[in-house]
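Visitor: I would like to go through this model with you. Could we begin with its surface and then turn to its aromatic residues?

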Amino acid sequence: MSLHPSLQNYADAWTHSVEAISELVSPLAEGEWNWATPCPGWSVRDIVSHVIGLDCEMLGDPRPIHTLPRDLYHVRTEGQRYMEMQVDVRRHHTAPEMTSELEYTIIRRTRQLRNESREPSTKIRGPLGSEQTLEMAMRLRAFDVWVHEQDLRTTLRKPGNLDSPGAYVARDLLLQGLPKVVAEKAGAPVNSAVVFDVSGPVEFLRTVRLDADGKGTVDGAPSLGPLATFGLDWETYFRLACGRVTYASVADRVKVEGDHELADAILRNFAVTP
């Protein structure tokens, strides 16, 4: 195995989730590919198209030359337009076309990962002409594919893999966005702390602390006098953080102690993914 050890975790997580996706969609009837998912504006087919498209970009394939329709209400930003291209170009593909392309893409990506010898710090092409390290790209792919696996599981009513390797990649990446939510979006006061106590298949306790300048950091130590404490299960946590549900729709699954006004501001602005 030539893959750098620090990349192996992301490769394993991607493999686990993308194979689960393939297993979920292989038996679907044609009509089931059109079912709406928690991902705004996207069907089952659209999510699978997105997964295929971004892995094809990781393989170095050219992006499709395609003009998007003007009536896609969920496409508002340049980033969304970029992502939608790989999706819309496959919107009329049949179920057999989708499953065969997914399987072929998995084979190609698995081979690429098996032969990957570049350093984690190697710069590669990212979305919208950006550059990112190979490590960040693989981390984001592992995260993205796990979240979309969960989108499909929700739609198809086949729960599972809430504690798979991808779940832990998602946890760590979503936690990075917590200080911005608390400090900037919700406007928590300086020299304060907010605690998140998450239960379920992925269990953790994290404290977001604001210093005298209002800069937020996150750590695993409890706070003696937090302004607010949140108790919620892992599934509710990641669905909120990924913008799949609103706080109003899951309020009964979140226990809040302390400053309820601050807590409401945090939970209303909890989404950290675009």
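Visitor: How much area does the protein expose, and what percentage of it do carbon and sulfur atoms supply?

Guide: The protein exposes about 13200 Å², and carbon and sulfur atoms supply 52% of it. Accessible areas come from the Shrake-Rupley method with a 1.4 Å probe, and for residues only the protein chains shown count as cover. This is a predicted model: local features need pLDDT of at least 70 and side-chain atom pairs count only at pLDDT 80 or more, while totals for chains, interfaces and linings use all residues. Residues are numbered from 1 along each chain as its sequence is written, and side-chain values use heavy atoms, with hydrogens and water left out.

Visitor: What share of the residues is buried?

Guide: Of the 274 residues, 49% count as buried, meaning under 20% relative accessible area (exposed is over 50%, partly exposed in between; 1.4 Å probe, protein chains only).

Visitor: How many helices and strands are there?

Guide: The protein has 10 helices and seven strands; these are DSSP runs, numbered from the N terminus, with helices (H or I) of at least four residues and strands (E) of at least two. The radius of gyration is 20 Å, close to the 19 Å that the globule rule gives for 274 residues, so the protein is as compact as a globular protein of that length. That radius is taken over C-alpha atoms, and the rule is 2.2 Å times the number of residues to the power 0.38.

Visitor: Now the rings: how many aromatic pairs does the structure hold?

Guide: It holds nine. Rings of Phe, Tyr and Trp (its six-membered ring) pair if their centres lie within 6.5 Å; planes under 30 degrees apart count as stacked, over 60 as edge-to-face and the rest as tilted. One of the pairs, Phe196 with Phe230, is stacked, at 4.9 Å centre to centre and 10° between the planes. Phe196 lies in strand S3 (residues 193-199) and Phe230 in strand S6 (residues 228-233), so this pair ties together parts that are 34 residues apart in sequence.

Visitor: Are those two buried or exposed?

Guide: Both Phe196 and Phe230 are buried. Another pair, Tyr237 with Phe270, is edge-to-face, at 5.2 Å centre to centre and 90° between the planes. Tyr237 and Phe270 are buried as well.

Visitor: Which residues do ring pairs link into a cluster?

Guide: The cluster consists of Trp146, Phe196, Phe204, Phe230, Trp234, Tyr237, Phe238 and Phe270.
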